[in-house]
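Me: Please take a close look at one part of this protein for me. I would like to know about its nonpolar core.

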Amino acid sequence: MDADTSCFETSEILATFLASTPVLSESWRLCHLANTNSPRSFLTESMGNVCYVAFSGIQDVFGSDPNCEGLVPLDASLFAPLHRYGEGEEVIMVHAGMLNLFLSICDSPNFQTQMSIMERAKSLVITGHSLGGTAASLLAICLLCRSLSSSSQPSILCLTFGSPLLGNETLHRVILRERWAGNFCHVTSKNDIMPRLLLAPVASFTPQVQILLDFWRLSMTCPHFGQLASQLNDEIKSSIFRFVLSHLEALVQVEGLERSPFWPMGSYVFCSQRGAICVDNAASVIKMMHLLLVVSSPNCSIEDHLNYGDYVGAVSVQLLKARNFPPSKIPDSSYEAGVALALESLEIAPEEPVAIMGQDCLKMARRMGRTPNLNCANLAIRLSKITPYRSEIEWYKACYDEADHQMGYYDSFKMRGASKRDSRINMNRHKLAGFWNNVIHMLENNLLPHDLPRRGKWVNAAHFYQLLVEPLDIAEYYRTGMHHVKGHYRKHGRERRYEIFDKWWNDRRVGEEGSKRSKFASLTQDSCFWAKVEEARELIDNIRCESDTITRATIWGKINDFERDARKLIESKEVSKDVLKKNSSYSLWVEEWRELKSQMQHFPHQLPSLLDG
């Protein structure tokens, strides 16, 4: 039996739950009110402890300025916490016109006044229709960024209707990493072309798109929609429809989404007159957009953008109606029944050609959503199984911390012989490296949840592993003389996983600093400390051999810098006690450094300025 037969399809259940709350209907009511009473602006309304902010869909974004049509970096002043993800990956980019729209609204005195009301609310629902939906999304991201540094921010839900896509893949990934995907819900009618518009290169189709946007703006403003129909002829409707559909077909090919400059973020609620379904996987969202547009028509794709009021009402009504399968068509499992109900909610009959595509899309969304979590659960089991390897290394360190030769575990491992114990520790080092390399490989190939680097369990486990094992990697590097072949460890020998773990640790959310340490740390908090010691020892050898005064002064300055940093670590007790062992590499370096300074006192003419300072 297929594993899916014992599971449930939840896409329709999630959409039904949303429709059962007053949030959906109230949000649309205020969007419609904003379109009527506050064009090119927004309005707010409080209901108990909930504050609603609704942005009008009547906005100017795709103007005559070509600079407003592409992607631009997200404003650093308002969205600063997100910019730490700019290292090593593409910068977060959003549509230039939509960002300019949001910034112009932010600068208005009315918005500044309303911000204080928003921040006092316990819950905040930010909504918007059409282009107003992008302003709602940017405001939600802005407030979520603020919440990273404040514990008193309200809970935030962004609910949009017929909103176009906003940003690139990096924005999509950051929203997932920050665990904000659940804060965004985009209601999209089955035919509406607006949410699909930026999946095509509209810059090459600007005149027709501008006519379409003008038509929508006039239609939102004028109550007599029928009288305006003649302003958008069938030829323009058909050309825009075919243009978008052709590019969507290209995107749904294997790995086609990677070529798109715009990516969905958050959850998408696809609705029809029969109900709705909820999809939160980006690839599945694009596939669903495509297959629903395939069974649509040019007229429906244009007019549906103005019919969200009808859909919101229809989805709510469907809660009161029971839907039954004919006896001959009852699915074999609860999961298949759920898939069939989800397709029925989109008015897709089982016999339609796109029904199979729809089933595959829903199954892919479920599979892609479930697999990373299952992998993470299995990885947690594997983490527990490798704990004995780590424990043996801890025991190894404890033994040498108390050994009579007064060297510590770094120097003992570096000078090790062929003992069985040393060989076992070296084998454990390789096994742990293999596990963590696999974690990074799975994360970078989307096989683990995107927010794994934000989960305390994994951040702490990776950090502890790094502090414990990287000194052994450094010892092995210098023991085998690799620094003579490649150069020093920090620049030429450090494994990439440690750089990644540094980023995880530095990006973690921490509260106020605790009290100072009263005793030395169990592990030196700078995992590259011993590599710096090795570099400092070589600097002392270099300065003794160097005849050029300027070069010697430069080397002397580097040694002074290391001495200052090391002393600071020791004074704050951020080092393990093995660092201060009598015969450790650091203690031997201190003796060499003291001897060198004593010698220099007898020859002050060689480095006069440094000795005077």
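Reply: What follows looks at the nonpolar core, then at its setting in the chain.

This is a predicted model. Start with the core itself. The largest nonpolar core has 89 residues. Ile126, Leu139, Ile141 and Phe270 have the most contacts inside this core. Helix H5 covers residues 132–147 and gives the most to the core, with ten residues. Nonpolar side chains tend to be buried together in soluble globular proteins.

Now zoom in on Ile126. Leaving aside residues up to four places away in sequence, Ile126 touches Ala136, Leu139, Ala140 and Leu143, among others. Its partners also include Val53 and Phe55. A further run of partners is Ile156, Leu157, Cys158 and Leu159.

There is another core, lying apart from the largest one. That core has 65 residues, including Tyr465, Leu472, Leu539 and Leu569.

Next, the wider chain. The chain has 24 helices and nine strands. Of its 613 residues, 51% count as buried. Take contacts between residues at least 6 apart in sequence: 77% of them join residues at least 24 apart. The accessible surface comes to about 28,300 Å². Carbon and sulfur atoms account for 53% of that surface.

One helix gives a view of burial at the residue level. Helix H7 spans residues 206–221 and has 16 residues. From first C-alpha to last, H7 reaches 22 Å, close to the 22 Å expected. Its buried residues include Val209, Leu212, Leu213, Phe215 and Trp216. Arg217, Ser219 and Met220 of H7 are buried too.

Methods: Residues are numbered from 1 along each chain as its sequence is written. This is a predicted model: local features need pLDDT of at least 70, side-chain atom pairs count only at pLDDT 80 or more; totals for chains, interfaces and linings use all residues. Side-chain values use heavy atoms; hydrogens and water are left out. A nonpolar core is a set of buried Ala, Val, Leu, Ile, Met, Phe, Trp, Tyr and Cys residues joined through side-chain atoms within 4.5 Å. Buried means under 20% relative accessible area, exposed over 50%, partly exposed in between (1.4 Å probe, protein chains only). Helices (H or I, at least four residues) and strands (E, at least two) are DSSP runs, numbered from the N terminus. Contact means heavy atoms within 4.5 Å. The expected span of a helix is 1.5 Å times one less than its number of residues. Accessible areas come from the Shrake-Rupley method with a 1.4 Å probe; for residues, only the protein chains shown count as cover.
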